[in-house]
Amino acid sequence: MRVISGEFRGRRLAAVPGNQTRPTADKVKESMFNMLGPYFDGGRVLDLYAGTGGLGIEAVSRGMAHATFVDHQYAAIKTLRANLALFDAPERFTVIKAPVDRAIVTLGEAGEQFDLILADPPYAKQEVLAQLAALVAHNLVAPDGRVLFETGLDVVYPAAIAGYTILRRQTYGVAQVIILQREAEA
């Protein structure tokens, strides 16, 4: 795994030991960021189920100002911190060790908002629709912010998702990616 583009391009990232995480393949990651817009001009990104931190690190490398990473596994947090140490920019990264659902509530209570939210949940434990609703309920998605979920093919998305406009869906082998934008409030 490596950072594909931007400021940190080419840097290699360590993998989380064991089989508790499934890193996003470089080709899929590159395609995901090309769909989002290849580069960013500031903003904040939230990387849920962060694992190695590859998605959030890629977003910062491509121009996001700050990334917040959430994971609850000790091995993932240890690997994530080691990967972040490669970049000598601690002010650009925040790591939260907590289950994603608890972190969503805590971040919402703190009034945090993100311009981009990336999530790659374990395929066996996907609660995507409930988590999309929680992101809106806790006001974590900034106005016009985007959310990207990478899931297994078994997740069936409805034609419309409350609080969002569906921008794109794409299938990659055994994975699918959905990109949504926060709807403007009436």
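**Sheet, helices and salt bridges in the predicted model**

Leaving aside residues up to four places away in sequence, A159 touches I166 and R169. In this predicted model, A159 is situated in the loop that runs between β5 (141–152) and β6 (164–172), and with a relative accessible area of 78% the residue is exposed, the threshold for that class being over 50%.

The strands are considered next. Seven of them form an open sheet of mixed pairing, in the order β3-β2-β1-β4-β5-β7-β6. The edges are occupied by β3 and β6, each of which pairs on one side only, and from one strand to the next the twist averages 15°. Within this sheet, β1 and β2 run parallel and are joined by five bridges, and V45 stands opposite A67 in β2. Helix α5 (residues 128–137) lies across β1, β4, β5, β6 and β7 (175–182), and its direction makes an angle of about 165° with β5.

Helix α3 (residues 74–85) was examined for its length and for the distribution of its buried residues. With 12 residues at 1.5 Å a residue, α3 should span 16 Å, and the distance of 17 Å between its end C-alpha atoms agrees with this expectation; the expected value is 1.5 Å times one less than the number of residues. The buried residues of the helix are A76, I77, T79, L80, N83 and L84. Viewed down the axis of α3, these buried residues fall within an arc of 165°, and they therefore line one face of the helix. Such a pattern can be read against the general geometry of an α-helix, in which there are 3.6 residues a turn, so that residues three or four places apart point the same way. The buried residues of α3 pack against α2 (54–61), β2 (66–71) and β3 (93–97), whereas the face turned away from the buried side carries the exposed residues Y74, K78 and A85.

Four salt bridges are found in the structure. One of them is formed by the side chains of E7 and R92, with an N to O distance of 3.0 Å. Because E7 belongs to the segment before α1 (26–36) and R92 to the loop between α3 and β3, this pair ties together parts of the chain that are 85 residues apart in sequence. R92 has a relative accessible area of 16% and is therefore buried, since the limit for that class is under 20%.

A further salt bridge pairs K29 with E58, whose closest N and O atoms are 3.9 Å apart. This contact likewise links distant parts of the chain, with K29 in helix α1 and E58 in helix α2, 29 residues apart. Both K29 and E58 are buried.

The side chains of E112 and R44 also meet in a salt bridge, at 2.8 Å from N to O. Since E112 lies in the loop between α4 (100–109) and β4 (114–119), while R44 lies in strand β1 (residues 44–48), the pair ties together parts that are 68 residues apart in sequence. E112, with a relative accessible area of 25%, is partly exposed, and R44, at 26% relative accessibility, likewise counts as partly exposed. Finally, salt bridges that share partners join K29, E58 and R62 into one network.

Conventions: Residues are numbered from 1 along each chain as its sequence is written. This is a predicted model: local features need pLDDT of at least 70, side-chain atom pairs count only at pLDDT 80 or more; totals for chains, interfaces and linings use all residues. Side-chain values use heavy atoms; hydrogens and water are left out. Helices (H or I, at least four residues) and strands (E, at least two) are DSSP runs, numbered from the N terminus. Buried means under 20% relative accessible area, exposed over 50%, partly exposed in between (1.4 Å probe, protein chains only). The arc is that of the directions from the helix axis to the C-beta atoms. Contact means heavy atoms within 4.5 Å. Two strands pair if DSSP finds at least two bridges between them. Axes are lines fitted to C-alpha atoms, for helices over the stretch in contact, and angles run from 0 to 180 degrees between N-to-C directions.
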